[in-house]
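Me: I would like to learn how to read the features of a structure one at a time. Please give the general idea first, then the case at hand.

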Amino acid sequence: MIIQRYDDSRQEEVRDVILEVLLEHGFEYDRLKDADLKDINGYYFTKGGTFFVGLADGRVVGTAGVRKLDENLCEIRRIYLKKGFRGKGNGEKLFLAALDFAGKIVRVLCLKPIQPLKKAISMYLKHGFSFVKEKEGYLYYEKWF
């Protein structure tokens with residue numbers, strides 16, 4: 001898998017990968033929570049963030065977004081990987097690309113993974129994130145640079 005910066009020609013593929021993974025974990029498309037999928041450039045890039053795609057054989061198989069919330073804070077979102085590409089270090093590769101980018105633009109990074117994604121949470125802890133709180137079904141983690 002290679003990692004590249006997102007461009008609009010990949011919008012439909014990105015949406016398909018993310019929705020496939022969400023459905024696999026029992027979540028359906030939510031027009032409010034998933035509004036970023038309609039305008040990835042506007043949601044991530046406009047304020048200084050980024051969005052990565054993981055490619056295999058020229059197709060999107062994974063995603064990772066960094067959304068800048070303010071001058072010193074951003075969040076990593078949308079770390080998703082198609083089933084056949086998990087367990088091979090690809091998810092961590094996407095996560096580290098996002099983490100590296102975030103570390104260059106802010107002092108604090110936050111995450112709010114959905115609870116069932118226990119493997120992702122252990123990866124966050126491994127890379128220096130600390131649990132902050134639980135609120136409305138989300139677990140909040142942060143890392144200071």
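Reply: This is a predicted model. We can begin with a helix. The face of α4 turned away from its buried side carries Lys118, Lys119 and Lys126, which are exposed.

Me: Which residues of helix α4 are buried?

Reply: Helix α4 spans residues 118-126, and its buried residues are Ala120, Ile121, Met123 and Tyr124. These four lie on the same side of α4 because they cover an arc of only 160° around the axis.

Me: What do the buried residues of α4 pack against?

Reply: Their partners are three strands and a helix: β4 (73-81), β5 (108-111), β7 (138-144) and α3 (90-105). Just past the end of α4, Gly128 has a positive phi of about 90°.

Me: How should I read a positive phi at other residues?

Reply: Start from the background: most residues other than glycine have a negative phi. Two residues here depart from that pattern. Asp57, not a glycine, has a positive phi of about 50°, and Arg78, also not a glycine, has one of about 60°.

Me: Where do Asp57 and Arg78 lie?

Reply: Asp57 is in the loop between β2 and β3, whereas Arg78 is in strand β4.

Me: Are they buried or exposed?

Reply: Asp57 has a relative accessibility of 83%, so it counts as exposed. Arg78 has a relative accessible area of 7%, which means that it is buried.

Me: Next, the sheet. In what order do the strands come?

Reply: Reading a sheet starts with the order of its strands and the sense of their pairing. Here seven strands form an open sheet, in the order β1-β2-β3-β4-β5-β7-β6, with mixed pairing. At the edges are β1 (2-5) and β6 (130-135), each of which pairs on one side only. From one strand to the next, the twist averages 25°.

Me: How does α3 sit relative to this sheet?

Reply: α3 packs on the sheet and touches β1, β2 (50-56), β3 (59-70), β4, β5 and β7. The direction of α3 makes about 165° with that of β4. The helix is also part of a β-α-β unit, made by β4, α3 and β5, which is right-handed.

Me: In what sense do β4 and β5 pair, and how many bridges join β5 to β7?

Reply: β4 and β5 are paired in the parallel sense, over three bridges. β5 and β7 run antiparallel and are joined by four bridges. To follow the register, look at which residues stand opposite each other. Cys110 of β5 has Glu75 opposite, and Cys110 also stands opposite Glu142 in β7. Val108 stands opposite Trp144 in β7.

Me: Which residues of β5 lie on each of its faces?

Reply: One side carries Val108 and Cys110, the other Leu109 and Leu111. All four are buried, and both faces of β5 are covered.

Me: Cys110 has come up several times. How many disulfides does the structure hold?

Reply: The test for a disulfide is a distance: the two cysteine sulfur atoms must be within 2.5 Å. The structure holds zero disulfides. Cys74 is in none, and its nearest cysteine sulfur, that of Cys110, is 7.2 Å away. The reverse also holds: the nearest cysteine sulfur to Cys110 is that of Cys74, and Cys110 is in no disulfide.

Me: Are Cys74 and Cys110 buried or exposed?

Reply: The cut-off for buried is under 20% relative accessible area. Cys74 has a relative accessible area of 0%, so it is buried. Cys110, at 16% relative accessibility, also counts as buried.

Me: One last residue: where is Tyr43 placed, and what does it contact?

Reply: Tyr43 is in helix α2, residues 40-45. With neighbours within four places in sequence left aside, Tyr43 is in contact with Asp36, Arg67, Glu75 and Arg77. Glu75 is the residue already named as standing opposite Cys110 in β5. The relative accessibility of Tyr43 is 23%, so it counts as partly exposed.

Me: What separates Tyr43 from Lys119?

Reply: Their C-alpha atoms are separated by 26 Å, and the two residues are 76 residues apart along the chain. Lys119 is one of the exposed residues of α4.

Terms used: Residues are numbered from 1 along each chain as its sequence is written. This is a predicted model: local features need pLDDT of at least 70, side-chain atom pairs count only at pLDDT 80 or more; totals for chains, interfaces and linings use all residues. Side-chain values use heavy atoms; hydrogens and water are left out. Buried means under 20% relative accessible area, exposed over 50%, partly exposed in between (1.4 Å probe, protein chains only). Helices (H or I, at least four residues) and strands (E, at least two) are DSSP runs, numbered from the N terminus. The arc is that of the directions from the helix axis to the C-beta atoms. Contact means heavy atoms within 4.5 Å. Two strands pair if DSSP finds at least two bridges between them. Axes are lines fitted to C-alpha atoms, for helices over the stretch in contact, and angles run from 0 to 180 degrees between N-to-C directions. A crossover is right-handed if, with the strands pointing away from the viewer, the path from the first strand over the helix to the second runs clockwise.
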